[in-house]
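I open this notebook to record, entry by entry, what I looked up in the structure shown below.

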Amino acid sequence: MPENLSCPDGAGAPGPVPLLAAKLAAAPLPEPVLVRPRLLARLDSAVAGPVTLVRAPAGWGKTTLLASWFRGGPAQRSATWLSVGPADGVGRLWPYLYAALATAVPGEPAGAPAPGSGVPGALAPATGPPDQDTVERLAAALAGRAEPVVLICDDLHLAADPAALTAVEFLLRHADDRLRLVVGARTDPPLALHRFRVSGELTEIRAADLAFTDDEVADLLSAHGAVVPPAAVAVLRERTEGWPVGLRLAALALRGHPDPASFVARFSGEHPEVTDYLTAEVLAGLPDGLRGVLDCVAVTEPVTGDLVTALTGRDGADQLLAELEQRIGFLTAAGDRPPAYRCHRLLADVLRAALANRPDDRVRDLHRRAADWYAGVNQPRDALRYTLAAARWADAARLLLDHWPALLPYDRDEPDRPPVAAPPEEQIRDHPAVALAYAVDRLGLAGEPTVDGYLCVADEAAGALPEPDRTRLRCAAAGLALIRAQAGADPQRARGAADRLLQLAPPDVAAPPGPAVRAVARTALGLTELGAGQLAAATDALAAGLVEAGPAGLPRVAVVAASRLALIAALRGELRAAETLAAGVLTGPPCQGRPAGPDCGYAYLALALVATHRDRPVEAETQLALAERSTTDGSGPDRAVFTVCAARCHSQLLADRGDPVRAYQVLAAARDRLGDPADGPGNWLLAAEAELRAGQGDLDRARELLASRAAGSTLVAVVLARVELCAGNPDAAGRVLPDWDGPTAGRLPVAVRAEAGLLDALLAQQSGDPRRAARLLERALDLAEPDGLRRFLVRGVPPVRDLLVAHLDTGTAHWPTLTELLDHGDRPQATGTGAAAAGPVRLGGGTAGGPAPLGEPLTERELTILRYLQSVLSNVEIASELSVSVNTVKTHVRNIYRKLDATRRRDAVRRARELHLL
């Protein structure tokens with residue numbers, strides 16, 4: 001292509017418009033080039049539709065992705081490129097667009113026009129703004145092509161020529177589906193995208209899609225010659241949130257670095273090259289009003305419109321935050337009642353560093369305003385943090401004394417928030433409780449060793465305070481000592497600390513602070529017992545804590561207890577109770593209308609286990625994904641339980657889907673993360689690995705894993721009995737099978753009892769005693785029926801089907817359940833992506849993927865959204881999870897309702913389950 005092309009003068013144009021060849025050529029690729037097959041494949045599939053939008057903030061690799069896709073496309077694909085610039089205003093953009101498209105239209109277009117049609121055999125160049133005749137001739141020429149033309153417009157958000165973009169929309173509608181527009185932009189370009197969203201003709205690729213995965217980070221580092229320990233790869237991806245430019249800058253700095261692990265641990269937005277890039281590409285040009293809103297983000301996040309109004313005194317903060325999200329892109333909204341905005345980590349570092357250079361009184365005033373706002377909305381933990389940051393020591397001491405039960409951190413769910421400065425010694429002398437307030441804040445963030453020193457200072461000073469402050473400070477110190485003991489992963493020490501706290505509030509003391517003390521102590525003790533795998537003891541303690549939390553007015557403590565009780569109920573197979581508890585957590589604070597936290601993660605995990613027990617793999621996958629997104633890798637006495645349960649659930653789903661290699665990798669990763677967990681979680685992890693190995697025919701190794709633990713765990717004993725039965729050793733299976741229906745069996749998990757009963761029935765059948773087999777199976781069904789336990793029946797050992805078929809003739813009280821199970825196994829299932837693969841253990845050996853019996857089948861996107869409709873997420877939250885607009889979700893929901901003949905979400909989910917779409 002020549003370096004300079006000129007179009008003849010157009011009507012009303014002042015002269016020829018010079019066309020720069022560089023704007024019509026793909027941007028050069030940065031070296032080294034990292035090929036990202038998953039995104040290239042996404043673009044390949046996206047251009048089946050008319051419009052593809054690759055939208056992300058600066059530095060997310062939009063141009064690199066589009067250029068690599070453009071250069072590496074198949075020879076038969078006709079594609080053309082245009083780089084849009086800020087100078088492409090009125091009358092200047094259209095000649096470029098026309099020239100880019102004209103190069104793809106041959107002098108004699110395929111499917112030549114009929115004589116007299118008015119379409120020329122060759123297109124003349126265009127100048128100035130588009131005129132209708134020129135646009136129609138181009139549309140007709142494109143329509144005459146055999147294959148579509150792909151027009152890639154990079155940086156189209158810079159376009160300032162409405163007439164040219166209107167012409168492009170005309171071409172999209174009237175070129176007989178022979179034009180594909182692929183757009184790269186930082187913000188939504190000035191096109192009528194809403195029309196394409198509504199019609200389902202728009203594919204959107206956002207920052208979440210462009211973010212690097214761990215594997216891609218490792219590939220990028222390797223391509224740059226940067227050698228880092230494997231564990232540092234995930235740390236770097238987390239610190240940059242997968243931001244491509246941040247990763248590339250880190251990779252360049254890591255080449256030849258003497259201590260790469262230390263560099264990664266310290267990498268932040270204050271790295272000079274990162275600061276320069278973000279300042280020039282993101283912050284430059286922002287008006288003072290928007291920059292002032294970003295200062296609020298630097299002070300506290302997430303932020304809402306109400307909080308920004310409190311910090312700045314400006315009305316309309318919701319609109320300002322939405323404008324910032326659209327304009328700079330490094331702000332992410334979560335929830336919709338109202339939305340809370342979170343800043344990208346590296347940009348937050350830059351903002352905080354800039355704020356540190358402001359006058360101290362200005363920064364402290366912002367912290368004071370934040371503290372007052374959080375106190376007003378009854379969030380004492382945040383109120384305490386910003387009160388300390390504002391150096392309001394007396395207020396911090398009073399907050400601690402009045403609200404200490406709500407201030408104790410049960411987990412570290414804010415690991416990246418910087419701690420506040422320590423209070424001066426004279427302030428601690430004047431306000432002893434401020435020492436404990438500071439200790440609470442430090443423990444909640446990082447579990448600093450200095451916590452113990454402040455704890456001792458507060459404990460010693462308590463005697464000098466008048467009542468009731470003396471008792472309150474002693475209770476607060478004992479509560480913090482309990483949390484501190486839990487952080488040391490010493491269950492025995494934690495139990496002793498809980499007992500000491502309970503001594504301050506005997507059961508017969510109903511007046512404050514008695515209920516609050518007991519709620520804190522019981523709940524913390526329950527977390528300790530859960531972490532040790534003692535489900536019965538954990539249930540007793542957490543239930544007592546939940547009862548006391550209500551009268552004490554401690555909603556946070558109640559949510560902690562309820563979320564863990566939901567998980568325990570799901571582990572035990574008490575699925576209805578698990579659903580009720582989890583729903584209570586997810587429909588109330590802190591999960592409703594704001595970013596989900598650890599407690600929500602436990603509730604989602606409980607629902608994932610419920611769905612797994614009921615053999616609903618798609619629902620289980622959805623809930624598990626929500627659980628893992630909601631819960632950070634912070635520490636807590638029961639964190640190992642979450643990790644093990646999530647890994648076991650994920651592994652089972654992968655194995656059911658026919659992917660045992662990944663299933664084993666999930667379990668191995670959990671084991672590496674935890675080291676040697678306590679007996680309870682350790683046994684669950686061991687049982688999961690044995691189940692997986694047995695499913696692959698490695699019965700000897702499965703038996704070896706379980707043999708030494710069977711005496712101390714009923715779960716392990718049941719899994720071992722199943723392994724022995726599969727190995728053809730019924731005698732060995734009978735010896736290890738626990739007493740599942742005797743006088744003391746009521747404390748055993750119902751899921752374990754039901755499966756043990758099934759195995760016992762199989763053993764009776766194999767021994768030639770059909771009557772006993774029928775009686776045992778009926779008892780196992782009695783246990784399973786109330787909560788809908790299904791997985792142990794449909795994914796049990798191969799003889800289960802024959803046993804269930806024979807049981808139909810025994811006068812069973814579970815005829816509907818048995819016929820449903822047998823019918824479900826005999827027909828194909830339209831369970832969609834992620835459904836369990838059929839295998840020899842499936843009832844009837846059916847295979848997944850059959851069409852749903854609908855007049856009009858659901859599309860893949862509709863199936864995806866249908867799975868989210870089972871959750872408590874709103875349409876806005878579903879849109880955020882899928883990185884699409886809320887209007888797109890609403891359109892798909894309407895289509896789902898129409899196809900399923902439903903008018904409400906509940907009816908649609910019920911109908912989908914009847915059709916085995918879920």
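**Entry 1. Strand β3**

How many of the residues of strand β3 (residues 51-55) are buried? I note that the model is a predicted one. In it, five of the five residues of β3 are buried, and the strand is mostly covered. I then looked at the two faces of β3 separately. Val51, Leu53 and Arg55 lie on one side and are buried; Thr52 and Val54, on the other side, are buried as well. Both faces of β3 are thus recorded as covered.

Next I looked up the pairing of β3. With strand β6 (residues 179-185), β3 pairs in the parallel sense over five bridges. With strand β7 (residues 202-205), the pairing of β3 is again in the parallel sense, over four bridges. I followed Leu53 as an example. Its bridge partner in β6 is Val183, and in β7 Leu53 stands opposite Glu204.

**Entry 2. The protein as a whole**

I counted 45 helices and nine strands in the secondary structure. The protein has 918 residues, of which 54% count as buried. The accessible surface comes to about 37900 Å², and carbon and sulfur atoms hold 52% of it. Among contacts with a separation of 6 or more, 68% are between residues 24 or more positions apart.

**Entry 3. Confidence**

In which strand is the confidence lowest, and where is it highest? The lowest mean, 36, belongs to strand β1 (residues 4-6), while the highest, 95, belongs to β3. The average pLDDT of the protein is 83, and 87% of the residues score at least 70. I marked two stretches for caution. Over residues 107-123 the pLDDT stays under 50, and the model has 22 contacts for them beyond four places in sequence. Over residues 826-852 the pLDDT is below 50 too, and this stretch has 70 contacts beyond near neighbours in sequence. Where pLDDT is low, the predicted coordinates should not be read in detail.

**Entry 4. Aromatic pairs**

I found that the structure holds 10 aromatic pairs. In the pair of Trp60 and Phe330, the ring centres are 6.4 Å apart and the planes stand at 45°, so the pair is tilted. Why does this pair tie together parts that are 270 residues apart in sequence? Trp60 lies in the loop between β3 and α2 (62-71), whereas Phe330 lies in the loop between α15 (317-328) and β8 (331-334). Trp60 counts as buried because its relative accessibility is 6%, below the 20% cut-off. Phe330 counts as buried at 2%.

I then turned to Trp243 and Tyr277. Their ring centres are 5.7 Å apart and their planes are at 65°, so I entered the pair as edge-to-face. Trp243 is in the loop between α9 (230-240) and α10 (244-254), and Tyr277 is in helix α12 (residues 272-283), so this pair ties together parts that are 34 residues apart in sequence. Is Trp243 buried or exposed? Trp243 is buried, with a relative accessible area of 0%. Tyr277, at 23% relative accessibility, counts as partly exposed. I also recorded that ring pairs link Trp60, Trp243, Tyr277 and Phe330 into a cluster.

**Entry 5. Charges over rings**

I looked up two cases of a charge over a ring. Arg36 lies over the face of Phe212, 3.9 Å from the ring centre. The charged end of Arg564 sits over the ring of Tyr602, at 3.9 Å from its centre.

**Entry 6. Helix α2**

Which residues of α2 are buried? I listed Lys62, Leu65, Leu66, Ala67 and Trp69. The elements that cover these buried residues include α1 (37-46), β3, β4 (78-83), β5 (149-154), β6 and α7 (207-210).

**Entry 7. Two single residues**

I placed Ala218 in helix α8 (residues 214-223). Ala218 counts as partly exposed, at 31% relative accessibility. The C-alpha atoms of Ala218 and Val228 are separated by 8.8 Å, the two residues being 10 residues apart along the chain.

Glu529 lies in helix α25 (residues 514-531). With a relative accessible area of 10%, Glu529 is buried. Leaving out residues up to four places away in sequence, I found that Glu529 touches Arg495, Gln534, Ala537 and Ala538.

Notes
Residues are numbered from 1 along each chain as its sequence is written. This is a predicted model: local features need pLDDT of at least 70, side-chain atom pairs count only at pLDDT 80 or more; totals for chains, interfaces and linings use all residues. Side-chain values use heavy atoms; hydrogens and water are left out. Buried means under 20% relative accessible area, exposed over 50%, partly exposed in between (1.4 Å probe, protein chains only). Helices (H or I, at least four residues) and strands (E, at least two) are DSSP runs, numbered from the N terminus. Two strands pair if DSSP finds at least two bridges between them. Contact means heavy atoms within 4.5 Å. Accessible areas come from the Shrake-Rupley method with a 1.4 Å probe; for residues, only the protein chains shown count as cover. pLDDT is the predictor's confidence in each residue, from 0 to 100. Rings of Phe, Tyr and Trp (its six-membered ring) pair if their centres lie within 6.5 Å; planes under 30 degrees apart count as stacked, over 60 as edge-to-face and the rest as tilted. A charge sits over a ring if NZ of Lys or CZ of Arg is within 6 Å of the ring centre and within 35 degrees of the ring normal.
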